[in-house]
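Welcome, and please load the model in your favourite viewer. We will take a short walk through it, stopping at a few places along the way.

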Amino acid sequence: MNWRRPAFLLAHDLIGSGLRAHYREFLAAERWPAARLNEWHEQHLADLLQHAAKEVPFYRARVTSPELSAFPILRKEDVHAHFEELMEPSLLAEYRGEKKKARYSWVEVKTGGSTGTPTVVIHDKDFRDWGRAGRLYSQHLCGFPLGTPFFMLWGSMRDISEAKDSTTKRVLNTLLDVHPLNAFLMDEARMRDYLRQIHESPIDHLMAYVDAAHQLARFAEKSGAPVRPLRSVMACAGTVTDDHRTTLGRVFGARVHNKYGSRECADMACECAAGGFHIYATGVHLEIVDDAGQPVPPGTTGRILVTLLHNRRFPLIRYEIGDIGALSTKACPCGSPLPLLERVEGRISEVITTVSGAYVTPTYIVHLVGVVHNPGALVKFQFTQTGAASYTLAMLMETAFPDDDFTKVAALVRRDLEKVLGPGVDLAISRVTDIPPSESGKFLYVRNLHRSR
């Protein structure tokens, strides 16, 4: 047996973490009968709602019945405005320094802020452990369980600032057998080196920002760099499009697994080898609602609301995470009773509205510009809605691509976008030399700055 797995779990046992128990729970639940999982989930949800309605000031002032539908939708601005009211009294006392905090306890977590001001939440001890177990379970679903080596193409400001990771992080990365590649440093020389490392290594798995992995794959094709086939690519931190899947699968010869999660809510769903997009029902409850906050049928796209079952000291209940997606009623061929997402289409801030106010999914924009009208020289692009009828499209082309050819491509893109966006549209298309990522390090192909104001 690989020594890394027992060593990693023992390290967490020694600091007082409950990760081991939660990870066992994840692995056991995929073999439970569906009725048992449903009963477990409903009981934990009911316990959380009763607890929050009684013990947490924010909910106590707003909820008259411990039913999920009686709880208000919790928006990011609510978290900002009522941060301390969302805490249990004992947590608030610790947060203010009036009561001593345990050595291994809660932590403050800040989101990346890719859609505006970062949101700060509290992860209590139990949720920290559940979140870590969820990350391990995601690896399990993607074919590289705890102890299996993998490359991790992820953002690291420490490499840029030349700072050193803490001793604890270095030890845990060693036990996890993580081989880091910095997604924030993706010039040609570094991408050649990343591809060389992947090609020369026996490691078969890659965890990555989906856009960074896509950029690396496209560079491999353009440069002709050799790429040894991998077994799996876990695509994270962005919307996984059909083009992403096709390109990553073609270049790396791997199955692409879509993983859905966030900093404030941890991993919430991931695709298994059979293709089911499994929701982690042992710790999270997902709802899909329309703009009026009403539930929509499975298969219908709507706003995702998240309830965390294990963060009792700072409950996030019906939290509007800012994404849109759809639930599924299908059963996965793998046999797991975990419920399924049908799709996640992106962030609400990425959804474009037409001149008339109708919605346009970012997937359409990405497909139209990045696939249909991509002459093969498009490095990346960014479509931005700046007003009710105002839009910009910045296109970064390969240096050698002629300006005359760009003008022709831009005309075709304009023709098809104007058909969708409507009459009276103000659309500016430009060729640029650089498109920087957001402050969080994620690259956004589609942004709605008008909606996010």
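**A walk through the model**

The structure holds 0 disulfides. Keep in mind as we go that this is a predicted model. A disulfide is a covalent bond between the sulfur atoms of two cysteines. Why does C332 have no such bond? The cysteine sulfur closest to that of C332 belongs to C334, and at 3.5 Å it is too far away for a bond, because a disulfide needs the two sulfur atoms within 2.5 Å. Seen from the other side, C334 is in no disulfide either, with the sulfur of C332 as its nearest cysteine sulfur at 3.5 Å.

The two cysteines are worth looking at one by one. C332 counts as buried, at 8% relative accessibility. C334 counts as partly exposed, with a value of 42%. If you follow the chain, you will find C334 in the loop between β12 and β13 (340-347). Leaving aside residues up to four places away in sequence, C334 touches C272, A274 and H278. For a sense of distance, take L37: it is 297 residues from C334 along the chain, and the two C-alpha atoms are separated by 16 Å.

Next, let us turn to the backbone. Most residues other than glycine have a negative phi, and most peptide bonds are trans. Where does R318, a residue with a positive phi, lie? R318 sits in the loop between β11 (302-308) and β12 (319-328), and its phi is near 55 degrees. Is R318 buried or exposed? With a relative accessible area of 7%, R318 is buried, because the cut-off for buried is under 20%.

What does the side chain of R318 meet there? One of its polar atoms lies 3.0 Å from the backbone oxygen of F71. The side chain of R318 is also joined to that of E287 by a polar contact of 3.0 Å. Both partners appear in the list of residues that R318 touches, once those up to four places away in sequence are set aside. That list includes L68, S69, F71, P72, I73 and L74, and it also takes in E287, V289, G293, L305, V306 and T307.

D177 offers another positive phi in a residue other than glycine, this time near 60 degrees. It is found in the loop between α9 (167-176) and β4 (178-182). D177 counts as buried, at 12% relative accessibility.

Now for the empty space inside the model. Rolling a probe the size of a water molecule over the atoms shows where empty space is left. How many cavities of 30 Å³ or more does a search of the whole structure find? The search finds 1, and the volume of the largest cavity is about 90 Å³. Its lining has 13 residues, and the closest to the centre are H214, D243, G370, F381 and Y445.

Which elements each supply at least two residues of that lining? They are α11 (210-223), α12 (242-252), α13 (362-372) and β16 (378-385). The largest share, 4 residues, comes from β16. By chemical character, the lining divides into 6 nonpolar, 4 polar and 3 charged residues.

One of those helices, α13, is also the place of V369. V369 is buried, with a relative accessible area of 0%. Its contacts, not counting residues up to four places away in sequence, are N374, L378, F381, L393, M395 and V413. Among these, F381 is a residue you have already met at the cavity. V369 and F383 are 14 residues apart in sequence, and their C-alpha atoms are 9.2 Å apart in space.

Our last stop is A11, found in helix α1 (residues 4-14). A11 is partly exposed, with a relative accessible area of 25%. Although A11 and V171 are 160 residues apart along the chain, their C-alpha atoms are separated by 9.5 Å.

How values were computed:
Residues are numbered from 1 along each chain as its sequence is written. This is a predicted model: local features need pLDDT of at least 70, side-chain atom pairs count only at pLDDT 80 or more; totals for chains, interfaces and linings use all residues. Side-chain values use heavy atoms; hydrogens and water are left out. On a 1 Å grid over the protein atoms alone, a cavity is a set of points where a 1.4 Å probe fits but cannot get out, and a pocket is an open set with protein on both sides within 12 Å along at least five of seven lines; lining residues have an atom within 4 Å of a point. Grid points are joined across faces, edges and corners, and a volume is the space filled by probe spheres set on the points. Ala, Val, Leu, Ile, Met, Phe, Trp, Tyr, Cys and Pro count as nonpolar, Asp, Glu, Lys and Arg as charged, and the others, Gly among them, as polar. Buried means under 20% relative accessible area, exposed over 50%, partly exposed in between (1.4 Å probe, protein chains only). A polar contact is a pair of N or O atoms within 3.5 Å; within protein, one must be able to donate a hydrogen and the other to accept it, and residues adjacent in sequence count only if both atoms are side-chain atoms. Contact means heavy atoms within 4.5 Å.
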